[in-house]
Amino acid sequence: MTRTLTLLAAAFLLAACGNDAADPPAGAPVDLAAWEADTAFHTSGNPARLEDWGQFRIEGERLVLAEGVVPYGMNTALFSDYALKLRTVWLPEGAEPAAWHDTDTFAFPVGTVITKTFYYPRGGGAFDAVALELDPNAHFDGVALDLSAIRVIETRILVRREEGWAAIPYAWNEDQRSTRLARAGAFVDLTLLEAGGRSTALTYQIPDVNQCAQCHITNANDGQVRPIGPRARHLNGDYPYAHGSQNQLDHWREAGLLTGGPESHAAPRSTVWHGETILAGMALESAARAYIDINCAHCHSRTGHARTSGLYLEPSDPVGPAFGVCKPPIAAGRGTGNRLYSIVPGDSHASIFTFRMETTRPDAMMPELGRSVAHREGLALVAAWIDAMAGEC
């Protein structure tokens, strides 16, 4: 029954695309004036261009945040083929601030627009050559992205309407001045360049609206799309704003974006981790749990898409059998990699968990969406945590 509700919700999202404005014709001149639109809340339909939302404007080689659009970051971010992400939130003038929740996504008012722009630093040479960069704010100065130094791939919109949240993806055109609605998704072939000369071919996938729903329906019982990141524990850390570094929860309250909850020093907080590998003890465990939380728990919860697996990975879940320790799979098929248990204490090479993080086979990899290559740093982190566990199966 719950699966039926999920599919119906996804079908509704696709049906909603029938209200889309017409795409501009191929080869049409770039309309830079469109970027001068005021910030707007579209109560229905899917505007043809990102520009129609007025969340950004283009000034020369800069993609500048519009007035009232606030950037934010995650203490530990979900991995997406090494893409960097500029996240923003905007509330219409006169809207009530979002209401605090200790563990779940804040309750945002109708009219809220959340954006996430995926980009890579340019790798030099060919336009499709991009650089691997672990600094989450590379080429963002607190106000704008430097378009001359990056390859922008896509911007996803989450908009809070009367009937609930809607997810709308936009693909950037190669002129880096225009966008188009990508309701059916898209694939972008890139070459990822690393320091030392290593290069990796990857096919970056812009999700379609069904795939947006697959991750953002965190409660299959109601089938509603919700944001995943804007929760207290993910935001409770410093961010490099244009005026200087400040705790994000404090800044959101001062800016009228958030109300309620404890002071930031007493609020939940996930570990800040962006690829560092020198960890041990509690620092290792907290970083691994934060990584699993943001990358896995939106599906692996008691209400999520993967609830029937019996593998529950939320921060409140103890590290025991239901977290995967000595847990045989229920229906993983080839996803086991011929390993017996999700987590084998002290032996990451015998654990299904690390096999599914490492493989890029579509029928076996985890997460199921959002990557075509393995996250080496994330895999090393989780493997080190498993290897440090005491006990045996």
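Two strands count as paired if DSSP finds at least two bridges between them, and a strand is a DSSP run (E) of at least two residues, while a helix is a run (H or I) of at least four, both numbered from the N terminus. The model is predicted, so to speak of local features we need pLDDT of at least 70, and side-chain atom pairs count only at pLDDT 80 or more, while totals for chains, interfaces and linings use all residues. Residues are numbered from 1 along each chain as its sequence is written, and side-chain values use heavy atoms, leaving out hydrogens and water.

**View 1. A small group of strands: an open sheet of 3 strands, in the order β1-β2-β8.** The pairing here is antiparallel. Because β1 (56-59) and β8 (144-146) stand at the edges with a single partner strand each, one side of each is left without a neighbour in the sheet. From one strand to the next, the twist averages 25 degrees, where axes are lines fitted to C-alpha atoms (for helices over the stretch in contact) and angles run from 0 to 180 degrees between N-to-C directions.

**View 2. Where β1 meets β2 (residues 62-65).** These antiparallel strands are joined by 4 bridges. Which residue of β2 stands opposite R57? Look for V64. As a reminder, strands of a sheet pair through backbone hydrogen bonds, either parallel or antiparallel.

**View 3. F108 and W252 form an aromatic pair.** Rings of Phe, Tyr and Trp (its six-membered ring) pair if their centres lie within 6.5 Å; planes under 30 degrees apart count as stacked, over 60 as edge-to-face and the rest as tilted. This pair is edge-to-face, with 6.3 Å centre to centre and 65 degrees between the planes. It links distant parts of the chain, 144 residues apart: F108 lies in the loop between β5 (98-99) and β6 (113-121), and W252 in helix α4 (residues 248-254). Buried means under 20% relative accessible area, exposed over 50%, and partly exposed in between (1.4 Å probe, protein chains only). F108 counts as buried at 6%, and W252 is buried at 1%.

**View 4. A cluster of rings linked by ring pairs.** Its members are Y72, W100, F106, F108, W165 and W252. Across the whole structure, a search finds 12 aromatic pairs.

**View 5. Domain 1 (38-216) meets domain 2 (277-388).** These bounds come from an automatic or database domain assignment. The C-alpha centres of the two domains lie 27 Å apart. Their contact (heavy atoms within 4.5 Å) takes 18 residues from domain 1 and 17 residues from domain 2. Between them, the domains bury about 1600 Å², 58% of it on carbon and sulfur atoms; buried area is the accessible area (1.4 Å probe) that two parts lose on being put together, summed over both. In domain 1, look for F79, Y82 and Q214, which lose the most area to domain 2, together 36% of what that side buries.
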